[in-house]
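Here are my notes on this one, in the order I'd look at things. Have the viewer open while you read.

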Amino acid sequence: MRAAERLLLAALCSVCQALQDGMLFPTESPSREVKDVSGLWIFRADESPERSRGFEQQWYKSPLAETGPVIDMPVPSSYNDITQDAQIRDFIGWVWYEKDVWVPARWIQDRGTRIVLRVGSAHYYSVLWVNGVKVTEHVGGHLPFEADISGVLRQTSGNQCRITIAVNNTLTLETLPPGTIQYMTDRSRYPAGYFVQNTNFDFFNYAGIHRPVLLYTTPKAHIDDITVETTFSDNIGLVSFNVSVLGSSKAAVKVTLSAQDGRCVASADGSRGVLKVTDVNLWWPYLMHENPAYLYSMEVQATAEDGQTDVYTLPVGIRTVKVTSTQFLINNKPFYFHGVNKHEDADIRGKGFDWPLVVKDFNLMKWMGANSFRTSHYPYAEEILQMADRHGIVIIDECPGVGIKDIRSFGNVSLAHHLTFMEELVRRDKNHPSVVMWSVANEPASEMPPAGFYFKELVSHTRSLDSSRPVTYITASNYARDLGAPYVDVICVNSYFSWYQDPGHTELIGLQLNTQFDNWYGKYQKPIIQSEYGADAVPGLHSDPPMMFTEEYQKTVLQNYHNVFDQKRKEFVIGELIWNFADFMTSQSIIRVVGNKKGIFTRQRQPKAGAFLLRERYWRIANETGVLPTWARYPCL
Ligand code: BDP
């Protein structure tokens, strides 16, 4: 880390933390309570030149309002678009959040209760204090972190609990995504101390507390983690499970699997084992089966020596995933990805989790007949994965390895952090049936010599964490120069013919796309997903013949790509994911008109002409390849 970043990150002692224990999504049960402490928090950006005043003056020691002016800040939300202040929108460095909450007296009084504070995600570095006592810190946005705060609460008086969270969005060469801070030294153009954050990715670096903040309880001896892997043979489903319990070495574990009608279909004693389910209902993707997304419910009970029982219920979908040289198989049947790339992005809230938006997006995906999406370019909220499990939408789960373009970001420190990130991601998402593949990066400079070693390590480490799913990264490199492709299971290629290459020349798409596919397949004999393609369309701009930035041009680009997909999907192309589901915010530049306009929906989720084109196509493909229930048939086909 260079001096510039060190200044902005002052007071953060350790950058790479050891992996914590399990990371089960907090749910209520007879032994567990959850209290959501999201809502209105107070907020203060540390505008001191080195952003270090908050730490020097120990803003966590007393109520934040006593340290200086504070404003209201909703949680979850990015802070950037909440005020009218451009300085807050573009702020780089530490911001401080605080909320006073009441903790139920019984939680404090019952010494057998463990009280945990959990943040769904905060971007990028976070430090947490409870009643002025530091309880944890975390590196990386997009993933949850938590701290056992029972001790602190019992030592500090009363049931009131002051939660302080400092969050810093500074990106360095070793963060994911990487970035650099550049101090401008030409005094004729910039004032003293002027700096900017440079990044190589195409979305706004929204910051703040992006997902809910929860308090939850477990008994002292508690279920820390559960890992399930599933397979089947004929009509027998097999669910292997591994339960880890903390706080007791002799807890008796009992596992019960129930069908959707509540019937118990299998049970076992012990922390590891295999459950056998006769007449299994497999988990099928949306539009691939008349009864998609079937979920069993696995209840785990752990009873400690003192008689206390912890109960946790996990939804379980039984399915398999396999890759051949030309196919992607779900439950041994060929699966074709007809889906979208998304962003967590919306007006006002930025990357803040928002249920209305999540449900609207699932409704739109199902409306257009999409069966899949990629979590470009970072892990999405767990609630979104749960929706995908319940609706049968298949996910390529991506880590924020986006914009790795500088050779210095391929060093050992970066790799170590990337490996740790994959561990945290797999630990969080391993049990979701919707997740069918890991993507470790998007468009890295995979032609740079260190990329070969880097991706070999990264892919093989990810496979060692989870042998049940394929691993990929997304390339935009030329097939002959890509050094990481030998290690992936599926080739995922992004290309923007007639946009960034040969702008305006849609007549070249057919030739160039055919060449792209034949070259990649010829070299690697691995199935290929067109993981991005598209064109910007400013809603309401029209021209015929089509011109760039009009809705007609976006449609024409799509149609030309589709012609080639239709030939190649008979061979080795196993999917197509449009860039992008919806328009999204980027940093300001001369190639962006208030953000990226490659959405087929606007940022407000209204369809452009391209959305109707894709809708017809996806339903047509689903009709050919899937088993559509009558209720799902697209009326105009
Ligand atoms: C791709 C990137 C994506 C961009 C897109 C674009 O993967 O993040 O938003 O280009 O430029 O290369 O629209």
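**Notes on the ligand site and two strand pairings**

1. Let's start at the ligand: one of its oxygen atoms has a polar side-chain atom of Trp579 at 3.2 Å. Keep in mind throughout that this is a predicted model.

2. Two other side chains make polar approaches too. For Asn596, the distance from a polar side-chain atom to a ligand oxygen is 2.8 Å. For Tyr500, an N or O atom of the side chain sits 2.4 Å from an oxygen of the ligand. How much of the ligand does the protein bury? On its own the ligand would expose 320 Å², and 90% of that is buried by the protein.

3. Now the wider shell. There are 13 residues around the ligand, and the ones that come nearest are Asp202, His377, Glu443, Tyr500 and Lys598. So Tyr500 turns up again here, on the list of nearest residues. Sorted by class, the shell holds five charged, four polar and four nonpolar residues.

4. On the annotation: UniProt, in an unreviewed entry, puts "domain: Glycoside hydrolase family 2 catalytic" at residues 321-622. In the model that stretch is 35% helix and 16% strand, and its end C-alpha atoms lie 19 Å apart. Among the nearest ligand neighbours is Asp202, while the annotated range begins at 321, which is worth a look on screen.

5. Next, a sheet. Four strands make up an open sheet in the order S1-S14-S5-S9, paired antiparallel. Which strands form the edges? They are S1 (34-36) and S9 (145-148), each with pairing on one side only. From one strand to the next, the twist averages 20°.

6. Zooming in on one edge of that sheet, S1 is joined to S14 (residues 213-219) by three bridges, with the two strands running antiparallel. If you want a spot to click on, Asp36 stands opposite Leu214 of S14. As a reminder, strands of a sheet pair through backbone hydrogen bonds, in either a parallel or an antiparallel sense.

7. Last, a hairpin. S7 (residues 125-130) and S8 (residues 133-139) are paired antiparallel over six bridges. Tyr125 has Val139 in S8 as its bridge partner. What links the two strands of the hairpin? Two residues lie between S7 and S8, and Asn131 in the turn has a positive phi of about 50°.

Conventions
Residues are numbered from 1 along each chain as its sequence is written. This is a predicted model: local features need pLDDT of at least 70, side-chain atom pairs count only at pLDDT 80 or more; totals for chains, interfaces and linings use all residues. Side-chain values use heavy atoms; hydrogens and water are left out. Two strands pair if DSSP finds at least two bridges between them. Axes are lines fitted to C-alpha atoms, for helices over the stretch in contact, and angles run from 0 to 180 degrees between N-to-C directions. UniProt positions are given in the numbering used here, feature names are shortened, and annotations may be inferred rather than shown by experiment. A residue is near a molecule or strand if one of its heavy atoms lies within 4 Å of it. A polar contact is a pair of N or O atoms within 3.5 Å; within protein, one must be able to donate a hydrogen and the other to accept it, and residues adjacent in sequence count only if both atoms are side-chain atoms. Accessible areas come from the Shrake-Rupley method with a 1.4 Å probe; for residues, only the protein chains shown count as cover. Ala, Val, Leu, Ile, Met, Phe, Trp, Tyr, Cys and Pro count as nonpolar, Asp, Glu, Lys and Arg as charged, and the others, Gly among them, as polar.
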